[in-house]
Amino acid sequence: VKNNYDKIAKSYDFLSKLVFGNSQKQAQINQLKYIKDFDRILIVGGGTGWIFDEISALNIKHLDITYVEISKEMILLSKKRNIIGAKVIFINDAVENCNFDQSFDIILTPFLFDNFLQDKVKVVFKLLNSNLKLNGKWFFVDFNLSSNLNSYWQKILLQLMYLFFAKIASVEADKLLDVKTYFKSDFLIIEERFYYGNFIVANVYEKIV
Ligand SMILES: C[S@@+](CC[C@H](N)C(=O)[O-])C[C@H]1O[C@@H](n2cnc3c(N)ncnc32)[C@H](O)[C@@H]1O
C-alpha cells in the first residue's frame with residue numbers, strides 16, 4: 001500500500017518536532033483564526049489529530065468536522081482526542097475514494113499534497129475544489145522550495161525526507177510538485193506565511209469562482 005503512515009503513526013509528532021521544532025504545527029495553528037461558529041470543515045491527512053486540541057482551544061461552537069485519514073493507526077490516535085465544540089465524522093480511507101454529500105466552508109490539507117504524484121495531485125485538487133463552497137477557505141500548508149540561498153540545505157533535507165518516508169511509509173512521491181498553480185484561477189490568497197526559513201509555506205486561499 002502506498003502512502004501508509006501506520007508504522008510511523010505513534011512517533012510522527014515526535015519526529016516532526018525533532019526536525020522542525022514547532023514550525024509544522026505553528027503554520028497550521030495560525031490559520032485556525034479563520035474558523036467561525038457553525039462551519040463545516042474537512043480535514044484531510046490530519047495525522048495524529050493533534051489539531052483537534054488546538055481547534056477545541058478556540059472555543060468555537062457547533063463545528064461539523066469530517067476527518068479523512070488513509071492511515072488506520074492515525075485514525076485510532078485521532079479518535080482518542082478530547083474534542084470540544086465539534087461533531088466529528090472519521091473516515092478511514094484515501095480522500096480520492098470519498099464522495100461527500102455536502103460541501104464545506106473550510107478544507108485543510110496540511111502536508112498532504114507532498115505525498116502525491118502529479119496525477120493524484122490533479123484528482124485530489126479537483127475533488128476538494130468541487131466540495132468547497134463559494135467563498136470557502138482552503139488552508140494549504142506544505143513544503144516550499146524557494147530560490148534563495150537557503151534552498152541548498154532545503155533541497156538536501158527534502159531529499160532525505162523523501163528517502164526516509166519512501167522506506168518507512170511507502171510514500172509514492174519523490175519530489176515536490178508545484179501545487180500553487182492549481183489555485184491560480186479560482187482562488188485569492190488571503191494570507192501567506194513562511195516558516196522554517198521559507199521551507200514551509202502556509203496559504204489561506206478563498207474560493208472566488
Ligand atoms: C506528512 S503527514 C502530515 C500529518 C499532519 N497533517 C501533521 O501535519 O501532523 C501526511 C498524512 O496524510 C495522510 N494521507 C496520505 N495520503 C492520503 C490520502 N490519499 N488520503 C487521506 N490521507 C492521506 C497520511 O496517512 C498522513 O497521516
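Here's a short student–tutor chat about a predicted model, covering its sheet, its pockets and one residue, E191.

Student: Let's start with the sheet. In what order do its seven strands come?
Tutor: The sheet is open, and its pairing is mixed. Reading across it, the order is 3-2-1-4-5-7-6.

Student: Which strands stand at the edges?
Tutor: Look for strands with a single partner strand, since one side of each is then left without a neighbour in the sheet. The ones that fit are strand 3 (86–91) and strand 6 (187–195).

Student: By how many degrees are neighbouring strands turned against each other on average?
Tutor: Ignore direction for this one, and take the average over neighbouring strands of the sheet. You get 15°.

Student: Which residue in strand 7 does F140 stand opposite?
Tutor: Strand 5 (residues 132–143) and strand 7 (residues 200–207) run antiparallel, and seven bridges join them. Opposite F140, in strand 7, stands N203.

Student: What angle does the direction of helix 3 make with that of strand 2?
Tutor: Helix 3 (residues 50–57) packs on the sheet and touches strand 1 (40–44), strand 2 (63–68), strand 3 and strand 4 (104–110). Its direction against that of strand 2 comes out at about 170°.

Student: On to pockets. Which residues lie nearest the centre of the largest pocket?
Tutor: That pocket has a volume of about 840 Å³. Its lining has 25 nonpolar, eleven polar and nine charged residues. Of the 45 residues that line it, the ones nearest its centre are Y5, Y12, F111, N115 and F165.

Student: And which element gives the largest share of the lining of the second largest pocket?
Tutor: The second largest pocket has a volume of about 240 Å³, and 16 residues line it, with F143, N144, L177, D178 and V179 closest to its centre. Strand 5, strand 6 and strand 7 each supply at least two residues of that lining. The largest share is three residues, and it comes from strand 5.

Student: Is E191 buried or exposed?
Tutor: E191 lies in strand 6. Its relative accessible area is 12%, and the cut-off for burial is under 20%. So E191 counts as buried.

Student: How many Å apart in space are E191 and V204, C-alpha to C-alpha?
Tutor: Leaving aside neighbours within four places in sequence, E191 is in contact with N30, K33, Y34, A202, N203 and V204. E191 and V204 are 13 residues apart in sequence. In space, C-alpha to C-alpha, the distance is 5.1 Å.

Key
Residues numbered from 1 in each chain as written. Predicted model: local features only at pLDDT ≥ 70, side-chain atom pairs only at ≥ 80, totals over all residues. Heavy atoms only, no water. Pairing = 2+ DSSP bridges. Helix = DSSP H or I, 4+ residues; strand = E, 2+ residues; numbered from the N terminus. Axes fitted to C-alpha atoms, helices over the stretch in contact; angles between N-to-C directions. Contact = heavy atoms within 4.5 Å. 1 Å grid on protein atoms, 1.4 Å probe; cavity = no way out; pocket = protein on both sides within 12 Å on 5 of 7 lines; lining within 4 Å. Points joined across faces, edges and corners; volume = space filled by probe spheres on them. Nonpolar A, V, L, I, M, F, W, Y, C, P; charged D, E, K, R; others polar. Buried < 20%, exposed > 50% of the residue type's maximum accessible area, 1.4 Å probe, protein only.
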